[in-house]
Structures are given as structure tokens and as C-alpha cells.
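Please take a moment with the sequence and the structure below before reading on. The report that follows describes selected features, one topic at a time.

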Amino acid sequence: MVMQRVKLDEYISWQIPQLQQQLIAADEIVVSSSGSTGLQKQVIIKKTAFDTSTKLANKYLNAKPGQTWSLLLPVTHIAGVNVLLRAGDLGTEVIDNRQRENYIDADFVSVVPTQIYKALTEDKNLLRHLKNAKAVLVGAAAIKIEIFDQAIENGINLIRTYGMSETCGGCVFDGMPLDGVRVSIASQEDAEPGRISIAGPVIASGYRLRPDLDGVSFIDNRFITHD
């Protein structure tokens, strides 16, 4: 049986419904990431990892079959991929709101901090869209506490997430690791002592064609971050 790999850089021109189906059926996803290092890497994520990550996120949100996700992020990175996978797990087609001025509401939304700022300062339609969602995940970068507080005051049910491509995206929600995820500080015996270390079923398999990076980043089923 031939393994089905989705290398996102090669699927960039695909229509969203087709890409969503390809991702759901994939045995492996390869997503490019530079992270905090600025070094371009291709992260290999096996089906067991991204399926687990998808189900854990939907479980945390108490998402039910038939509920929907709004896509406001590029699908070349893990956060956008997760929106497609989480919608697929609920049996729904993702709602692509990336090129809209009048957003179609959904139960769940995933954004980056700049989009929260935009909603609060200039885009009233986006603000309404976020307020109408049951929950809004924000990640990829730290959100300023004053922006977070303002979003809450405006009625957005905002959930801060932490993670990276190597952890299938967000694996810590509002400071709490998802089920089975373990967060610790790398020991002095590791190549990067003092770094945040993440273990659990959502860890990627490694980097494509970069065994030199694998040896210092993926140790004993843990991922040693650059944070």
C-alpha cells in the first residue's frame, strides 16, 4: 500500500475542499517552518500525531460533530492546516473566510494576535465574527495582555495557545497541556539545557533530510524547543 504524503509546499494552489480531503486521508504531512530560529525546516508529521492533536483540540473545546471552523489563516503553515483537520474531524467542510469582508460565522476560529488587534481597532465585521464564535484560539506569537483583556471585554471567548509545527501546533491551551502532553525544562544533559521540552503523542517525527537537527531537537520522544 502506497503511503500518502501531503507536502504542503506542493499543494499551495489547491482549492480548500480538495486540500482538506487530502489532509484527512494523508498518512503523513510535511509542513515548512522557520519558527523562532529563522532557519527554514520541513517538519514531518505522521497521521497518528496529527489525528491525536486534532481530536485533543476538539475535545478541549467540547466541539461536537456538525459544528464548524472558520479559516482565516494560510494553509501553508500548521495553524491553517489544523483548522482544516479539526473541521474534518467534526465531519464538516471548513468555512474559508480568508478573502471575505463579510465573514460567514462558524463555531470556532483560529487567529494570530495581529488579527485580534485588527478586529478591535478597524474591522468591525471581523470583531462580530469573533464574538459570534463559541471559542477563538490565538497563537503563533505572544499576545499583549492589554489586547487580550480588551478582546475579553468585547465579548470574544479567547483561548491562548502555545505550540509549534513540531508539536502539531497548539498543544497547551490557556496554560494547560492537552491530555497526554508533558511540558518540562530540558536538563543539563541535553544539547539545549534550560529550553522548554515537550513530550507526548503530538510530537512530529523529525525534519525531512536533516538528521543533524533531529539529533539535537528530538530526544527520547521529546521535542526540545528554542523557547
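With which residue does aspartate 105 form a salt bridge? The partner is arginine 128, and the closest N and O atoms of the two residues are 2.9 Å apart. Because aspartate 105 lies in the loop between strand S5 (95-96) and strand S6 (108-111) while arginine 128 lies in helix H5 (residues 124-132), the pair ties together parts that are 23 residues apart in sequence. Aspartate 105 counts as partly exposed at 32% relative accessibility, and arginine 128 counts as partly exposed, with a value of 32%.

## The chain as a whole

The model discussed here is a predicted one. Its chain contains seven helices and 15 strands, and along the principal axes the C-alpha trace spans about 50 × 45 × 30 Å. For 227 residues, a compact globule would be expected to have a radius of gyration near 17 Å, and the 17 Å found for the chain agrees with that expectation.

Of the 227 residues in the chain, 50% are buried. The accessible surface comes to about 11,200 Å², and carbon and sulfur atoms account for 50% of that surface. When contacts between residues at least 6 apart in sequence are considered, 58% of them join residues that are at least 24 apart.

## Further salt bridges

The structure holds seven salt bridges, one of which is the pair of aspartate 105 and arginine 128 described above. Another joins the side chains of aspartate 51 and lysine 47, with an N to O distance of 3.6 Å. Both of these residues belong to helix H2, where they are four residues apart, or about one turn of the helix. Aspartate 51 is partly exposed, its relative accessible area being 29%, and lysine 47 is likewise partly exposed, with 26%.

A further salt bridge is formed by lysine 118 and aspartate 123, whose closest N and O atoms are 4.0 Å apart. The surroundings of this pair can be described residue by residue: lysine 118 is partly exposed, with a relative accessible area of 34%, whereas aspartate 123 is buried, with a relative accessible area of 12%.

## An open sheet and a buried serine

Four strands come together in an open sheet, in the order S11-S12-S15-S14, and their pairing is antiparallel. Strand S11 (182-185) and strand S14 (218-219) stand at the edges and have a single partner strand each, so one side of each is left without a neighbour in the sheet. S14 pairs with strand S15 (residues 222-224) in the antiparallel sense, over two bridges, and within this part of the sheet isoleucine 219 stands opposite arginine 222 in S15.

Serine 217 has its place in helix H7 (residues 211-217). At 7% relative accessibility, serine 217 counts as buried. Leaving aside residues up to four places away in sequence, serine 217 touches Tyr207, Arg222, Phe223 and Ile224.

## Cysteines without a disulfide

How many disulfides does the structure hold? The number is zero. In general terms, a disulfide is a covalent bond between the sulfur atoms of two cysteines. The sulfur of cysteine 168 has its closest cysteine sulfur in cysteine 171, at 8.8 Å, and this distance is too far for a bond, because a disulfide requires the two sulfur atoms to be within 2.5 Å. Seen from the other residue, cysteine 171 is in no disulfide, and the nearest cysteine sulfur is that of cysteine 168.

Cysteine 168 counts as buried at 1% relative accessibility, and cysteine 171 is buried as well, with a relative accessible area of 1%.

## Positive phi values in two loops

Most residues other than glycine have a negative phi. Against that background, which value does phi take at asparagine 62? Phi of asparagine 62 is near 55°, a positive value in a residue other than glycine. Asparagine 62 lies in the loop that runs between helix H2 (47-60) and strand S4 (69-71).

Alanine 140 also has a positive phi, near 80°, in a residue other than glycine. The loop that holds alanine 140 lies between strand S7 (135-138) and helix H6 (145-153). With a relative accessible area of 73%, alanine 140 is exposed.

Conventions
Residues numbered from 1 in each chain as written. Predicted model: local features only at pLDDT ≥ 70, side-chain atom pairs only at ≥ 80, totals over all residues. Heavy atoms only, no water. Pairing = 2+ DSSP bridges. Buried < 20%, exposed > 50% of the residue type's maximum accessible area, 1.4 Å probe, protein only. Contact = heavy atoms within 4.5 Å. Rg over C-alpha atoms; globule rule 2.2 N^0.38 Å. Areas by Shrake-Rupley, 256 points an atom, 1.4 Å probe, with all protein chains shown as cover.
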